[in-house]
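Biologist: Before we discuss the terms, please show me the model.

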Amino acid sequence: MTRLADDCFAADPVPLTVEAALERIRDRLQAVTGTETVPLDAGLDRVLAEDVVSPIDVPPHDNAAVDGYAVRSADLAPGGGEMAVAGRVAAGHPLDRTPSAGAALRIFTGAPVPEGFDTVVMQEDCWESDGRVRLPVGLRPGANVRLRGEDVRRGAVSLAAGRRLGPGDLGLAASIGRTALTVRKRLRVAVASTGDEVTEPGEDLRPGAVFDANRHTVKALLARLGCAVTDLGILEDDAGTIARSLAAAAEDHDVVMTSGGVSTGEEDHVRAAVAAHGRIDAWRLSVKPGRPVALGVIGGRAFIGLPGNPVAAVVAFVTLARPVLLALAGARIAAPARYPVTAGFSHAKKPGRREFLRVRLEPGLELGRPPVAVKAGPDGSGILSALAAADGLIDLGEDSEGLAKGETAAYLPFNEVMR
């Protein structure tokens with residue numbers, strides 16, 4: 001496994017914008033995992049490790065886009081007319097002869113268009129009788145023909161290294177004849193919660209305790225990213241226990257991740273535990289919710305410390321931890337797309353920090369108008385019910401002073417950052 005330099009997450013004393021954090025991650029981090037070759041059907045959501053170059057043109061021959069009649073455009077009369085039907089061409093069965101000039105061929109979708117023929121007339125526009133076909137007026141040369149190589153050219157990069165493979169990518173790879181792909185090995189991530197107040201669901205809830213939501217949320221987010229996850233459970237608030245557990249996890253994982261315990265309180269032991277075996281830096285993201293968050297290196301492996309508040313942990317994950325994990329996994333990272341929506345509520349904020357508001361979408365009041373974003377629940381960083389009810393987040397930039405009802409707002413759907 002590739003070891004990281006202790007200072008690769010060194011932080012500035014000034015708060016960072018989300019964009020500045022992404023730029024820093026792109027500049028400093030690279031893949032830490034090796035490669036492996038997997039069958040094509042096992043490639044979904046894996047990170048491609050090398051460019052896939054097409055050995056063929058796709059399609060490999062000109063072919064009919066519709067059922068109809070193949071003709072030579074040079075034989076077409078401006079006012080339409082009739083032609084003899086000189087043969088039949090079906091998909092997978094090329095014509096074994098060259099028809100005489102002035103003849104048409106009955107052809108079906110996907111069938112190879114014989115040499116010299118360059119136009120296909122839809123069957124709905126033709127009338128065939130007694131071995132002849134009547135053609136309509138105004139035919140456009142080249143109509144309804146898929147040209148050789150119009151999808152993929154031989155020698156072209158069909159899929160670029162660093163791409164997280166989706167269903168369409170696997171189909172594209174299959175279309176050029178690939179049966180296997182070289183991908184990055186799955187990022188191995190160890191996840192722990194900390195805090196004596198945190199209790200595993202299913203156990204008795206002691207006075208003053210809460211059930212552990214963060215670890216299960218984070219494990220699900222990691223699974224969506226294709227990581228191989230090891231659950232370290234809940235670590236008690238003891239400096240020695242935490243230090244031993246995290247150091248041991250770093251020996252055979254690429255990333256160690258915790259929630260809670262990265263602040264500067266007397267009972268926040270994670271910072272000291274990581275620092276004892278490497279280095280930890282508090283990243284001052286100007287984000288609400290989403291603080292405190294820490295990045296560092298423990299035993300040569302990446303460390304990510306998420307906030308203890310559940311909603312803050314999720315926002316910190318999607319804005320900072322997710323790009324870090326993608327970079328370490330060898331994937332290209334880019335800012336997720338935002339989409340315009342109409343605000344169905346008002347919200348005041350202070351300039352200087354970015355705010356993310358949990359919202360759900362309702363249809364626009366008029367056809368063609370953007371959907372309306374309404375609050376999914378209260379804004380508190382510990383209110384998970386509002387997160388579960390939300391479709392995504394309204395993203396209010398650092399310069400924003402808030403949002404007025406009816407204004408257009410930037411919407412970040414969860415499917416952009418939770419896959």
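Modeller: Just after H3, Gly226 takes a positive phi of about 85 degrees. This is a predicted model, where local features need pLDDT of at least 70, side-chain atom pairs count only at pLDDT 80 or more, and totals for chains, interfaces and linings use all residues. Residues are numbered from 1 along each chain as its sequence is written, and side-chain values use heavy atoms, with hydrogens and water left out.

Biologist: What makes H3 a helix?

Modeller: Helices are DSSP runs of H or I with at least four residues, and strands are runs of E with at least two, numbered from the N terminus. H3 takes in residues 214-224, so the run meets that definition.

Biologist: Which residues of H3 are called buried?

Modeller: Buried means under 20% relative accessible area, exposed over 50% and partly exposed in between, with a 1.4 Å probe and protein chains only. Asn214, Arg215, Val218, Leu221 and Leu222 are buried. On the other side of H3, Ala223 and Arg224 are exposed.

Biologist: Why are the buried residues said to be on the same side of H3?

Modeller: The arc is that of the directions from the helix axis to the C-beta atoms. Theirs covers only 125 degrees around the axis, which puts them on the same side of H3.

Biologist: What covers the buried residues of H3?

Modeller: The cover includes E13, E16, E17, E21 and H6, where contact means heavy atoms within 4.5 Å.

Biologist: Why are E13 and E17 called paired?

Modeller: Pairing requires that DSSP finds at least two bridges between two strands. E13 and E17 are joined by 5 bridges and run parallel, so they pair.
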